[in-house]
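Hi,

Here is the structure I promised to pass on. Have a look, and then read my notes underneath.

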Amino acid sequence: MKVEIYTDGAARGNPDGPGGYGTVLHFTDKNGQLHVREFSQGYKKTTNNRMELMAAIAGLEALIRPCQVELYSDSKYLVDAFNQHWIDSWIKKNWKRGKNEPVKNVDLWKRLLKAMEPHKVTFIWVKGHDGHPENERCDFLATSAADGEELIEDTVLLDGGVS
C-alpha cells in the first residue's frame with residue numbers, strides 16, 4: 001500500500017510559547033477507496049523542529065501495516081537529515097554533530113526511526129506556503145494546534161462521507 005504523508009509544525013516563533021503539528025495522510029484502502037486522515041496536536045514550550053518531528057511521527061505511527069510512504073515536509077532540516085544522511089552520521093558519532101555538539105531532540109529522532117522501521121520511507125521537501133493544498137492544510141492544522149492545544153483526529157472519505 002502506498003501512503004502520502006504531509007506534515008507541518010508551528011512553534012509561534014517562541015521556544016517557550018505554544019507550538020503544534022499538523023499531519024495529513026492520503027491512502028487507498030483494500031477496497032480501492034481513497035481516504036484522507038488528519039492529525040493535529042498542540043504543545044507548550046517547544047520549538048519548530050520538535051513540531052516537524054512530531055508531525056512525521058504521528059503520520060508514521062498511524063500506519064498499521066508496512067507501507068511505501070512518501071513523506072512531504074516543508075522542513076528542509078527534517079528532509080535533509082535523511083536525504084543527506086545526516087542522521088546516519090549522527091548515529092555513528094553517538095548523536096553528535098559537526099564540532100562534537102550534541103544533536104537536539106534525540107528522543108524524537110529515535111522515535112521517528114522506530115516509526116519508520118517497517119516502512120519504505122521517501123522524504124520529499126515541499127517549499128512552504130507555495131499553494132500546495134495539503135501543505136496549506138497542514139499549516140492550518142499546525143497553527144490551530146498551537147493556538148488550541150487540543151487533539152484533532154478526523155478520518156474523512158474524499159466523497160464527503162465520514163468513516
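Below are some notes on how the helices pack and on the largest pocket.

First, the small print. This is a predicted model, where local features need pLDDT of at least 70 and side-chain atom pairs count only at pLDDT 80 or more, while totals for chains, interfaces and linings use all residues. Residues are numbered from 1 along each chain as its sequence is written, and side-chain values use heavy atoms, with hydrogens and water left out.

Now the helices (DSSP runs of H or I, at least four residues, numbered from the N terminus, as are strands, which are runs of E with at least two). H1 (residues 48-61) and H4 come within 9 Å of each other, axis to axis, and cross at roughly 25°. Axes here are lines fitted to C-alpha atoms over the stretch in contact, with angles from 0 to 180 degrees between N-to-C directions. That makes H1 roughly parallel to H4 (angles under 35 degrees count as such, over 145 as roughly antiparallel, 65 to 115 as roughly perpendicular and the rest as oblique). On the H1 side, the residues that meet H4 include Leu53, Ile57 and Leu60, where contact means heavy atoms within 4.5 Å. This contact divides into 10 nonpolar, no polar and 4 charged residues. Nonpolar covers Ala, Val, Leu, Ile, Met, Phe, Trp, Tyr, Cys and Pro, charged is Asp, Glu, Lys and Arg, and the others, Gly among them, are polar.

H2 (residues 76-83) packs against H4 (residues 106-116) at about 60°, with the axes 13 Å apart, so H2 and H4 are oblique to each other. Tyr77, Leu78, Ala81 and Phe82 of H2 meet Trp109, Leu112, Leu113 and Met116 of H4. What kinds of residue make up this contact? They are 8 nonpolar, no polar and no charged.

Last, the lining of the largest pocket. A pocket is an open set of points on a 1 Å grid over the protein atoms alone, where a 1.4 Å probe fits, with protein on both sides within 12 Å along at least five of seven lines; lining residues have an atom within 4 Å of a point. There are 12 of them, with Met1, Phe27, Ala62, Leu63 and Ile64 nearest the centre. Strand E2 (residues 18-28) gives the most, 3 residues.

Cheers
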